[in-house]
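Here are some comments for a colleague who wants to go through the strands, the aromatic contacts and the charged pairs. Please read them beside the coordinates.

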Amino acid sequence: MKESIYYFFKYHFFGKTRSFIKHIYRKYVLWYNYWSEKRLCKRQERHNKHFRWSKENVEKTNYLNQYLTNLMEEVYSDCVALKKQHDKWISEGKSYYKNYEIIGYIVHTETDPDNYGIRKTNFTEAQDYVTDNKAWCIRLSDPEFCKTELLKENQFKNYRWWGTEFSATLKEHGVENTCAFLDSFLNVNKAYSLKDFVRMTEDNFCKNIEVNYVY
């Protein structure tokens, strides 16, 4: 009798309570992420509206834009080199290298968050959530397993610069050829403003290459 009561509470009462708590927690996470993103969007819009296009800010934006463009080229070159090596291995009969997917992208890191005086600390977690480092990326794979956006290597050239409204605005202020990553980082993600960006340095960005195998 005691065992029956014990198992009833363990698997029915407490089990349902745990499920309910998990359900509430998932709802809370979704709600928190949604409103955090909304707040970041409003913050970015407010900061960009009052951003001062001084000579120093234009020069800094151009400098980082060129640096990121060069970094994109490096990501592309590294990915192509890895692809050629994998194709060579496959041609030599090393079938275990088949069904590969190479993904290259630029990672944003904050070397010292305390330097961002214009940011509130409670925004840090939300910005990490909203920022998608893979908003711009290169995907190359085994031709037999190619389910990617870039089916040919030379198509990368079409993804270097985007003709968006945001890049057109930057061009009006003297920033030429806004690279695709910069457009993604400041326009698609909505996490950082132009005011944030001009405070950043080369140390805030690095390339990352992933090689995945699907069996």
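1. In this predicted model, strand β1 (residues 100–108) and strand β2 (residues 137–141) pair in the antiparallel sense over 5 bridges, and within that pairing the bridge partner of I102 is L140 in β2. Strand β1 also pairs with strand β3 (residues 205–213), again in the antiparallel sense, over 9 bridges, with I103 standing opposite E210 of β3.

2. The environment of β1 deserves a comment of its own, since 9 of its 9 residues are buried. In a regular strand the side chains alternate between the two faces of the sheet. Both faces of β1 are covered: one side carries Y100, I102, G104, I106 and H108, the other E101, I103, Y105 and V107, and all of these are buried.

3. Helix α5 (residues 180–188) is likewise mostly covered, with 7 of its 9 residues buried, namely A180, F181, L182, D183, S184, F185 and L186. After the helix comes K190, which has a positive phi, near 70°.

4. On aromatic contacts, a search of the whole structure finds 9 pairs. One of them joins Y96 and Y97, whose ring centres are 4.9 Å apart and whose planes stand at 50°, so this pair is classed as tilted. For F181 and F205 the centres are 5.8 Å apart and the planes meet at 85°, so that pair is edge-to-face. The F181–F205 contact links distant parts of the chain, because F181 belongs to helix α5 and F205 to strand β3, 24 residues apart.

5. How accessible are the two rings of that contact, F181 and F205? F181 has a relative accessibility of 2% and therefore counts as buried, and F205, at 3%, counts as buried as well. Both residues belong to one aromatic cluster made up of F181, F185, Y192, F197 and F205.

6. Turning to charged contacts, the structure holds 6 salt bridges. In one of them the side chains of R43 and D196 meet at 3.1 Å, N to O, and this pair links distant parts of the chain, with R43 in helix α1 (residues 2–49) and D196 in helix α6 (residues 194–197), 153 residues apart. Both R43 and D196 are buried.

7. K207 forms a salt bridge with E74, the closest N and O atoms being 3.2 Å apart. Because K207 lies in strand β3 and E74 in helix α2 (residues 55–91), the pair ties together parts that are 133 residues apart in sequence. K207 is partly exposed, with a relative accessible area of 34%, and E74 is also partly exposed, at 38%. A network of salt bridges links E74, D78 and K207.

8. The side chains of E92 and K94 also meet in a salt bridge, at 3.7 Å, N to O. E92, at 43% relative accessibility, counts as partly exposed, as does K94 at 29%.

9. A last point concerns the cysteines. A disulfide is a covalent bond between the sulfur atoms of two cysteines. The count in this structure comes to 0 disulfides. C41 is partly exposed, with a relative accessible area of 26%, and C206 is partly exposed at 36% relative accessibility.

Technical notes: Residues numbered from 1 in each chain as written. Predicted model: local features only at pLDDT ≥ 70, side-chain atom pairs only at ≥ 80, totals over all residues. Heavy atoms only, no water. Buried < 20%, exposed > 50% of the residue type's maximum accessible area, 1.4 Å probe, protein only. Helix = DSSP H or I, 4+ residues; strand = E, 2+ residues; numbered from the N terminus. Pairing = 2+ DSSP bridges. Phe/Tyr/Trp six-rings, centres within 6.5 Å; stacked < 30°, edge-to-face > 60°. Disulfide = S-S within 2.5 Å. Salt bridge = Lys/Arg side-chain N within 4 Å of Asp/Glu carboxyl O.
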